[in-house]
Number of protein chains: 2
Amino acid sequence: MLSKERLIEFSDDARKNYLDHISIDCVVFGFHGGQMKVLLLKTPDEEKWYLPGGFVLKQEPIDDAATRILQERTGLDKIFLQQFRVFGDPDRSKFHNDLYRDMLPAGENWFSGRFLSIGYYALVDFFDVNPQPDQFSELCAWRDLDDMPELQLDHELIFKSALDTLRLQLNYQPIGYNLMPKDFTMPELQKLYETILDKKLDRRNFQRRVLAFGILTRADKPRKGGAHKAPYLYSFDLENYTNALTEGFKGGW
Amino acid sequence: MLSKERLIEFSDDARKNYLDHISIDCVVFGFHGGQMKVLLLKTPDEEKWYLPGGFVLKQEPIDDAATRILQERTGLDKIFLQQFRVFGDPDRSKFHNDLYRDMLPAGENWFSGRFLSIGYYALVDFFDVNPQPDQFSELCAWRDLDDMPELQLDHELIFKSALDTLRLQLNYQPIGYNLMPKDFTMPELQKLYETILDKKLDRRNFQRRVLAFGILTRADKPRKGGAHKAPYLYSFDLENYTNALTEGFKGGW
DNA sequence: CCTCATCGTGTACAAAGTACACAATTGTAA
DNA sequence: TTACAATTGTGTACTTTGTACACGATGAGG
């Protein structure tokens, strides 16, 4: 939480640089070794956590803003990041609003009034990330999906909405490019899908179905060293992968 | 186009009542008898057309705002209306911006500066609609999909994006409730799907597939009067329909 | 070299998707 | 009245996709 002096400073700054009453909230899903986490922030004063977010610079495309915000929190670049919905009920408001309501008169407090929030979700490997708190928080950390704390405001809704969208997306878009090491085995990729869907999949059928997408290439040599039969290594065929990203998988009608 | 006096009046009004720098644009698809149209507006001064849009009242949920805007243009209520994306590149701006740029200094002109637009799309029966121009336009009319005029700004992009979303949506959501008369025949419903997809579908397979959704109930009596065999009449089973709307159709993984 | 867990491939069955045949119905024209 | 054209309802054969499971192959450890 900011001191009154820092708040005044921030408000003046924000008024100059940022679009008013617009915020971006990111649901950053982190994966590694069959685990799935979400990146959350916390202030020292409050018990509730909140999603990483930020504001849009006056001359900045909103996708760039989301990328920048993510970069500031995770250090990561070039990751899967997608807008999925706007949250804008009048009774919601950027939580800083409530937090700083009493410190400054509304005219001087940039956080006062109604905020719309544009929801983005991202998929990252949480081993690549060293979470960085922002200027409002003391803590930025990965939280397990089945150990979620209570969230501020409508961040619960935003989070659930992101998860639903992700699971739907899985049906007609490839994922995994920046979530897997360059080379990986089929069981490892399957684990990723199972984690997202929270559901067991058949080993053999998964393999055939994924291969049918045509976005993987198999290496000649299997990975040695495991306690059992060495599985083949695969890597993403980037051309087909990005093609599938824009085209989508399955027809329907 | 507004006169300078009306512009001043509007700007003062807007500043009091609307959220700043946020607009809503609606892609209203109109259907009837195998035709598909889009609702567009035009000013007398400009050759280019634009999508019906509007602004969000300070205490209004954004979905309500979209509903209200649609109601003002079409007179319709309770129709399928869905948010699909935010458009917010800095080089876009509500076209009124350009239109009125020179009439007032930026400080007094509410339209000055960058606008974000929230895209909604709607499906209606254009026979139910008597298009109403807004205060900026002289004309509000249905335009055929294969006779589209050039559109202002990024409205071309918004329109295309809406059409893509609609076609995708068709794979896992029921449609048609407010596009068909209360009772309708299977060929009529098929025509709707073919129009949206711009693609012929097999008569018999369409029937079986749609029936398998379980959202239709067949009436006892067929529709008489046609020049050929009388087809059965169907109507939507509203409970199953709304259920399918929230649940979605097909699994995937 | 035997055991065990795991991996790759194959196969049998079910469900869904596709293509087409045929009979039934209705208004119209001979 | 009757033959005809257009269209609808149902059925069926075929293909593709999805699901469940069996088998042999591989590699590490005892």
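**Figure 1. Helix H6 of chain B at the surface near DNA strand D.** H6(B) gives the most to the surface near DNA strand D, contributing four residues, in a model that is predicted. Helix H6 (203–213) of chain A and helix H6 (203–213) of chain B each supply at least two residues of this surface. In total, 19 residues surround DNA strand D, and the closest are A:Arg204, A:Arg208, A:Lys229, B:Arg204 and B:Tyr232. Sorted by class, the surface near DNA strand D has nine charged, five polar and five nonpolar residues.

**Figure 2. Polar contacts to DNA strand D.** Among the atoms of DNA strand D that lie within 4 Å of the protein, 48% belong to sugar or phosphate, and the rest belong to bases. A base nitrogen of DNA strand D lies 3.1 Å from a polar side-chain atom of A:Asn205, whereas in chain B an N or O atom in the side chain of B:His228 is 3.3 Å from a sugar or linking oxygen of the strand. B:Tyr232 takes part through its backbone, with an N or O atom there lying 2.9 Å from a phosphate oxygen of DNA strand D. The ring of B:Tyr232 has the charged end of B:Arg218 over it, 3.6 Å from the ring centre.

**Figure 3. The surface near DNA strand C.** DNA strand C is surrounded by 19 residues, of which the closest are A:Arg204, A:Tyr232, B:Arg204, B:Arg208 and B:Lys229. Of the atoms of DNA strand C that come within 4 Å of the protein, 50% are accounted for by sugar and phosphate. H6 of chain A and H6 of chain B each supply at least two residues of the surface near this strand, and the largest share, four residues, comes from H6(A). By class, the surface near DNA strand C has five nonpolar, five polar and nine charged residues.

**Figure 4. Polar contacts to DNA strand C.** A polar side-chain atom of B:Arg208 lies 2.9 Å from a base oxygen of DNA strand C. Two residues of chain A are shown with phosphate oxygens of the strand: a polar backbone atom of A:Tyr232 is 2.8 Å from one such oxygen, and a polar side-chain atom of A:Arg218 lies 3.5 Å from a phosphate oxygen.

**Figure 5. An aromatic pair between helices H5 and H6 of chain A.** Over all chains the count comes to 45 aromatic pairs. One of them is formed by A:Tyr193 and A:Phe206, which are edge-to-face, with 5.4 Å from centre to centre and 65° between the planes. This pair links distant parts of the chain, since A:Tyr193 belongs to helix H5 (residues 186–197) and A:Phe206 to helix H6, 13 residues apart. Both A:Tyr193 and A:Phe206 are buried.

**Figure 6. A tilted aromatic pair in chain B.** The ring centres of B:Tyr18 and B:Phe55 are 5.6 Å apart and the ring planes meet at 50°, so the pair counts as tilted. The two residues connect distant parts of the chain, with B:Tyr18 in strand S1 (residues 18–32) and B:Phe55 in strand S4 (residues 53–57), 37 residues apart. B:Tyr18 is buried because its relative accessible area, 18%, is under 20%, and B:Phe55 is likewise buried, at 5%.

**Figure 7. Aromatic residues of chain A.** Ring pairs join A:Phe10, A:Tyr18, A:Phe55, A:Trp110, A:Phe111 and A:Phe115 into a cluster. A further view of chain A shows A:Lys37 lying over the face of A:Phe126, at 5.4 Å from the ring centre.

Definitions and conventions: Residues numbered from 1 in each chain as written. Chains lettered and ligands numbered in written order. Predicted model: local features only at pLDDT ≥ 70, side-chain atom pairs only at ≥ 80, totals over all residues. Heavy atoms only, no water. Near = heavy atom within 4 Å. Polar contact = N/O pair within 3.5 Å; in protein donor to acceptor, adjacent residues only side chain to side chain. Nonpolar A, V, L, I, M, F, W, Y, C, P; charged D, E, K, R; others polar. Phe/Tyr/Trp six-rings, centres within 6.5 Å; stacked < 30°, edge-to-face > 60°. Buried < 20%, exposed > 50% of the residue type's maximum accessible area, 1.4 Å probe, protein only. Lys NZ or Arg CZ within 6 Å of the ring centre and 35° of its normal.
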